[in-house]
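Me: Hi! Could you take a close look at one part of this model for me, the way its strands pair up, and then follow the packing outwards from there?

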Amino acid sequence: MADTKTILLIGTLDTKAHEYAYLRDLIQRRGHRTLVMDASVFDSTATARAAPLMPDIDAAQVAQAGGSDLVALREQGDRNQALVIMTQGCVALARQLFAEGRFDAVLGLGGSGGTALATAVMRELPIGVPKVMVSTIASGDVGPYVGAVDITMLHSVVDIAGLNRISRRVLMNAVGAVCGMVEQQAMTTDQAADRPLITATMFGVTTPCVTHLRERLEGAGYEVLVFHATGNGGRAMEALIAGGLVAGVADVTTTEWADELVGGMLGAGPHRLEAAARQGVPQVVSCGALDMVNFLGPFESIPARFKDRHFHIHNANVTLMRTTPAECAELGHIIAEKLNRSTGPTTLLVPLKGVSMLDSKGASFYDPEADAALFDALRRHVRTPPVDLIELDLHINDPEFADALADHLLTALAQVQINNT
């Protein structure tokens, strides 16, 4: 088969050898190969032979790659510590195997421990590599397992403890999913693959700006990936930048820092705004939607400590809260400190007439005092260089502001290209 692919199977064969043997057989019937990595701590040899299934990478190799010894782990009898070591080993080996081109996709199955282990490997792989996880906990909050990458979670419905009419059907679907993904990749030619990538951040309240900006950048020959600034979006973008896949960044909507600071539900973690600075990627940055903090769920679920604040009901499930002058001042300080670490061309463009649709004269979040606190903090704390601070007497959604973002980013990208030739 000309387009034969290899699927990496990661699991604990001490308890799930029969299920992994079933996956292997289904994959091979589709004309693809398997590479089996055993993360067991307890002796899985007899179980695997009965299945029959012998790993290509055994548990001793995994433990060694994790910095320990399998016999020692068994003697210690600490299951949690063993899981940490075996996870580290699986991650290290998978990185090496993928770099060597030894597999094209990953499939795992398990309960909470097996899910944590297999998805730790999946999160280390580039976006676009097929990743399917069959899990007993996939019907709950899978955010910690998926992280910022493209993992497909499939609920096992029944426990993964033997093969039956339900588990067989679910595992068949999982194999169909991962094989379909690799087969589709073999059939697809990405016509945009030769265009340099630019990432951008957007919220509904900055859509006019980012849409106009995207059109300008695409017209200049770039492919633009727009990330919704909802926490996961920011983390995904940071991961993509850190992976060295991005030519430039248009971080228009830095609102995730408002949630991170104040206690909203869409924070992206303390490392937001660091990847481009660290990688030296040309970037333009702005203050999009720093006027708001996001709460999900009914209005009544908002923490009591915020009861006297100014709110805007976005819809039945989302309530927005206006940031105060003190919070805006702190946000300006944080953003400035992140950008001051930049090792590449960085321009911060400040829209003096408002940072979102709700922050304009007559709109719900119009607050000149809060905006002034944000802008003053940026002026005080931004270092020039490395940051080029530009203030424009425009609203963030004015077309002229989007044009300014595009002009500065395109100029920086052109200069980098000249320097590299």
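**Strand pairing and the packing around it**

Reply: Happy to. Let's start from a single pair: the bridge partner of N315 in β12 is V318. Please keep in mind throughout that this is a predicted model.

That pair belongs to a ladder of four bridges, which ties β11 to β12 (residues 318-322) with the two strands running antiparallel. Stepping back, β11 and β12 are part of an open, three-stranded sheet with antiparallel pairing and the order β10-β12-β11. Its edges are formed by β10 (292-296) and β11 (311-315), each of which pairs on one side only. From one strand to its neighbour, this sheet turns by 25° on average, with direction ignored.

A second open sheet makes a good companion to look at. Here six strands pair in parallel, in the order β7-β6-β8-β9-β13-β14. At the edges stand β7 (223-228) and β14 (387-392), and each has a single partner strand, so one side of each is left without a neighbour in the sheet. The twist in this sheet averages 15° from one strand to the next. Further in, β8 (residues 248-251) and β9 (residues 283-285) run parallel and are joined by three bridges. One residue to click on is D251, which stands opposite V285 in β9.

Now for the helices. Helix α15 (residues 399-419) lies across β6 (197-202), β8, β9, β13 (346-351) and β14, and runs at about 175° to β13. With angles over 145 degrees counted as roughly antiparallel, helix α15 is therefore roughly antiparallel to β13.

Moving on to helix-helix packing, α13 (residues 325-339) and α14 (residues 368-381) have axes that come within 7 Å and cross at roughly 30°. That makes the two helices, α13 and α14, roughly parallel. Their crossing is right-handed. On the α13 side, the contact involves P325, C328, A329, L331, G332, H333, I335, A336 and E337, and they meet E369, A370, A373, L374, A377, L378 and H381 of α14. By class, the residues of this α13-α14 contact comprise eleven nonpolar, three polar and two charged.

Another helix pair invites a look alongside that one. The axes of α5 (residues 79-99) and α6 (residues 112-123) come within 8 Å, crossing at roughly 30°. So α5 and α6 are also roughly parallel to each other, and their crossing is right-handed. The contact is built from L83, M86, T87, C90, V91 and A94 of α5, together with G113, L117, A120 and V121 of α6. Eight of the residues in this α5-α6 contact are nonpolar, two are polar and none is charged.

A39 makes a nice final stop, in the loop between β2 (33-38) and α2 (45-50). Leaving aside residues up to four places away in sequence, A39 touches G11, T12, M86, C90 and L117. Among these partners, M86 and C90 come from the α5 side of the contact just described, and L117 from the α6 side. With a relative accessible area of 3%, A39 counts as buried, because the cut-off is under 20%. For a sense of distance across the model, the C-alpha atoms of A39 and A247 are 38 Å apart in space, and the two residues are 208 residues apart in sequence.

Key
Residues are numbered from 1 along each chain as its sequence is written. This is a predicted model: local features need pLDDT of at least 70, side-chain atom pairs count only at pLDDT 80 or more; totals for chains, interfaces and linings use all residues. Side-chain values use heavy atoms; hydrogens and water are left out. Two strands pair if DSSP finds at least two bridges between them. Axes are lines fitted to C-alpha atoms, for helices over the stretch in contact, and angles run from 0 to 180 degrees between N-to-C directions. Angles under 35 degrees count as roughly parallel, over 145 as roughly antiparallel, 65 to 115 as roughly perpendicular and the rest as oblique. A crossing is left-handed if the near helix is turned anticlockwise from the far one by less than a right angle, and right-handed if clockwise. Contact means heavy atoms within 4.5 Å. Ala, Val, Leu, Ile, Met, Phe, Trp, Tyr, Cys and Pro count as nonpolar, Asp, Glu, Lys and Arg as charged, and the others, Gly among them, as polar. Buried means under 20% relative accessible area, exposed over 50%, partly exposed in between (1.4 Å probe, protein chains only).
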